[in-house]
Amino acid sequence: MTPKELTNSEFFTLDIGGMTCASCVGRVEKALGKIPEVEAASVNLATEQAKIRIKAGSISLADIIKLVQKTGYEAKESSARGKLDQSIAKSFWAADGLGRVILSFLLSAPLFLPMFFMPFGIHWSLSGWWQLALATPVQFVFGWRFYKAGYKSLKAGAGNMDLLVALGTSAAFGLSLYLLLASTHTHELYFEGSAVIICMVLLGKWLEARAKQQTSEAIRALQQLWPEHAKVLNAGLELQGNAGVSPEQYRDLPLDQVLPGDRVVVLPGERIPVDGVIILGASHIDESLLTGESEPIKKTHGSKVIGGALNGEGALVIVAEAVGIESVLSKIIHLVEDAQTQKAPIQKLVDQVSAIFVPTVILLAIFTGIGNWLYFDSTSIAILRAVSVLVIACPCALGLATPAAIMAGTGVAARFGILIKDPQVLELAHKLDIVAFDKTGTLTVGKPRMLALLPFNLSSVDGGQILATAAGLQLGSEHPLAKALIDSAKEKNILPIAASASKALPGIGIEGIPSAGVFAGQTLRLQSVASLDDSTHYPIILEKAESYFNQGQTVSVLMNAGSEITAVPTPIAIIAFGDELKPNAHEAIHTLNVLDIRTVMLSGDNLAAATRVGKKIGIDEVFAQILPGNKAEIIQKLQTAPEGRKHFVAMVGDGVNDAPALAMADVGMAMSTGTDVAMQAAGITLMRGDPTLVADAIDISKKTWNKIRQNLFWAFAFNTIGIPMAALGYLSPMLAGSAMALSSFCVLSNALLLKRWHPSHR
């Protein structure tokens, strides 16, 4: 990619090569921090990437890359589809490849295998010159990467893991070479120590690379959902009803050439390449990798589809609405990549320790060597124990502890429709003791439905006739209540009866004359109860509607407007509309109660209606008649307990008016079925409008946080215990190298256990 000039507050990502430990991360961040135009920079060892934000100023990307390269690391701009979109498989002979590991072990085997025969009384070893011949290529060919990286780090004024390995193995190799040249006693040579250290470190780096690849599987799985081409219908082609589309009517275009408005053909079994709306065909769509929804969803004409979803049995024609970086899939990948690149606040402690770690270890190794030399009067013992200290203290595990857990946790959460955007929520989720829900669209479906139809003493007219008539009056209307009536008729397989002379009555309702049925030729009016306050029938209508009003429902009345002579309107039926609770709302609240988390509901309904809903699903506390702008104030009050103890509050919402409350809460969770504003304000996005995901999000956040703590404990404990043991001679250089490699592998393996996580309700 050609270097470009960066504008104010622009974000970009660099792929950093050659980082091996937490000290490397600190050095790259320090180098970036010295650039005046860099406002913020975050470097991640597990993803090997740097996220950089530029403030006002003029600087080229090429200049930033050169400054990073001066610190001893490779740097290049990440591709538009992310580093993980590139080939992940390492070359067999790459620096972290298996080929180098195998060859180094084959050369080292004759050096260390004789030790295994000693317990059986077999004392055999190669001559010193043969040992030198085998150890030299291991030390200076396969181990050259450590010299190269160690020199660059030393030149940059800091140290890293490679420097420790280079110093340690060179000391052991140099001592052996000196003894070989000065004497013929081969039992005093330690070529096998330096060779095995390099072998074990190379093995550890290979295992580490493989484990890193597994932690990144979630993003790669999402990126592989992108088809490379899309079948775009020829311009001007008219679609004929449900007729199929033949191959000569469309052409394959690269995905980056598809534009909004293009009509895209998707055949059975293919991935949908764009976000859009179906204009022809019907099928079952599998969106499991995008939303976590386990079952394929039936999609027909007018249904929205998401790019990356798998088409089922039917051919579809889709009008593209969003492509490329504007698509839902691209936004999901971007959110997950951001979360995996960002640092949890606890990582700051690790960074502070890493900044002084390598210099401290070198000093400890020097003191160990001097102390052992003075005590034992033996140069070889002093050097070997100093080497053990240098090798055992390599801070690989420390640098990988936090990012590996974050990558694994956020990755598995994304598989089940939970996007953790802000790693800070991982540290707060285990403290949560209150979850506040917005009602509409979060605990409820979010759109009105017809809940009841109550006729007025018309035993000869069934409810189906009344519904067909009322729905017929609303044909063509875009009002939400009109859609609710028509949808209800469709669900009951009732055909609406068309009406003539239809006209809207502002502030009242709609009027028309049914063309058929028992009310044919009569002027009917569907209107609100409030518009009938001067009607003769108003008291009885109000009495019948009272129970629905108390439940927070909207009530309309179907009236016979009367003839021109009598002009006495008479009621036919009252129709109640409401926003139904989601089927799993009760399960969601029950799960949180089991976790000892208090639940709160925020509603604009009157107190009686809101309380009724709250009791139905088990909500602990209800705040009713809440204005949208006051939700953030309530969250703030919930955070401050009367006894002065802080409560940790999560807010769950989906609307624009929920954004301030989502930002105010300790953890904000937004439903993806809502607005983009809500999702931007929240730290967690739930990809389905399913309230049970709230408990799942808390659960995976807690488990990820626990893995971070476990990894950091073992990383610190490993060095705390290992360094004194090496200094006192309980760990040989070979054992130290093996233990160091094993520590990194254990930390990564522990993080990978998160991949076994499943939502509790599945």
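1. The largest nonpolar core in this predicted model has 127 residues. Leu14 and Met669 are the residues with the most contacts inside this core. Helix 25, spanning residues 692-727, gives the most to the core, with 14 residues. Another core lies apart from the largest one and has 29 residues, including Val264, Ala309, Val323 and Val336.

2. Met669 can be followed through its contacts. Leaving aside residues up to four places away in sequence, Met669 touches Ala650, Met651, Val652 and Gly653, among others. Its contacts also include Leu662, Ala682, Ile684 and Leu686. Val694, Ala697 and Ile698 are on the list of contacts of Met669 as well. Helix 25 covers residues 692-727, and strand 24 covers residues 649-653, which places these parts of the list for the reader.

3. Strand 15 (residues 434-438) is largely enclosed by the rest of the structure, because five of its five residues are buried. Ile434, Ala436 and Asp438 point one way from the strand, while Val435 and Phe437 point the other way. Both sets are buried.

4. Which strands pair with strand 15? Strand 22 (residues 598-602) is joined to strand 15 by five bridges, and the two run parallel. Phe437 has Met601 in strand 22 as its bridge partner. Strand 24 (residues 649-653) is joined to strand 15 by four bridges, again in parallel. Here Ala436 stands opposite Met651, a residue that also appears among the contacts of Met669.

5. Asp438, at one end of strand 15 (residues 434-438), belongs to a network of salt bridges with Lys631 and Asp658. Lys631 is found in helix 22, residues 631-639. Is Lys631 buried or exposed? Lys631 counts as buried because its relative accessibility is 7%, and the limit for buried is under 20%. The side chain of Lys631 makes a polar contact with the side chain of Asp438 at 2.7 Å. Not counting residues up to four places away in sequence, Lys631 touches Asp438, Leu602, Ile626, Asn657, Asp658 and Ala661. Side chains of opposite charge can pair when their charged atoms come close.

6. The count of salt bridges comes to 13. Glu511 takes part in a salt bridge with Lys503, at 3.9 Å from N to O, and in another with Arg525, at 2.7 Å from N to O. The Arg525 pair links distant parts of the chain, with Arg525 in strand 19 (residues 524-528) and Glu511 in strand 18 (residues 509-514), 14 residues apart. Glu511 is buried, with a relative accessible area of 11%. Lys503 is partly exposed at 45%, and Arg525 is partly exposed at 24%.

7. A further salt bridge joins Asp699 and Lys703, with the closest N and O atoms 2.9 Å apart. Why are these two separated by about one helical turn? Asp699 and Lys703 are four residues apart in helix 25, so about one helical turn lies between them. Asp699 is partly exposed, with a relative accessible area of 23%. Lys703 is also partly exposed, at 36%. Helix 25 is the helix that gives the most residues to the largest core.

8. Strand 2 (residues 38-44) and strand 3 (residues 49-54) run antiparallel and are joined by six bridges. Val43 has Ala50 as its bridge partner in strand 3. The two strands form a hairpin with four residues between them. In the turn, Glu48 has a positive phi of about 55°.

9. An open sheet of three strands has the order 10-9-12, with antiparallel pairing. Strand 10 (297-299) and strand 12 (310-311) stand at the edges, and each has a single partner strand, so one side of each has no neighbour in the sheet. Strand 9 (residues 283-286) is joined to strand 12 by two bridges. Asp286 stands opposite Leu310 in strand 12.

Note on methods: Residues numbered from 1 in each chain as written. Predicted model: local features only at pLDDT ≥ 70, side-chain atom pairs only at ≥ 80, totals over all residues. Heavy atoms only, no water. Buried < 20%, exposed > 50% of the residue type's maximum accessible area, 1.4 Å probe, protein only. Polar contact = N/O pair within 3.5 Å; in protein donor to acceptor, adjacent residues only side chain to side chain. Contact = heavy atoms within 4.5 Å. Pairing = 2+ DSSP bridges. Core = buried A, V, L, I, M, F, W, Y, C linked by side-chain atoms within 4.5 Å. Salt bridge = Lys/Arg side-chain N within 4 Å of Asp/Glu carboxyl O.
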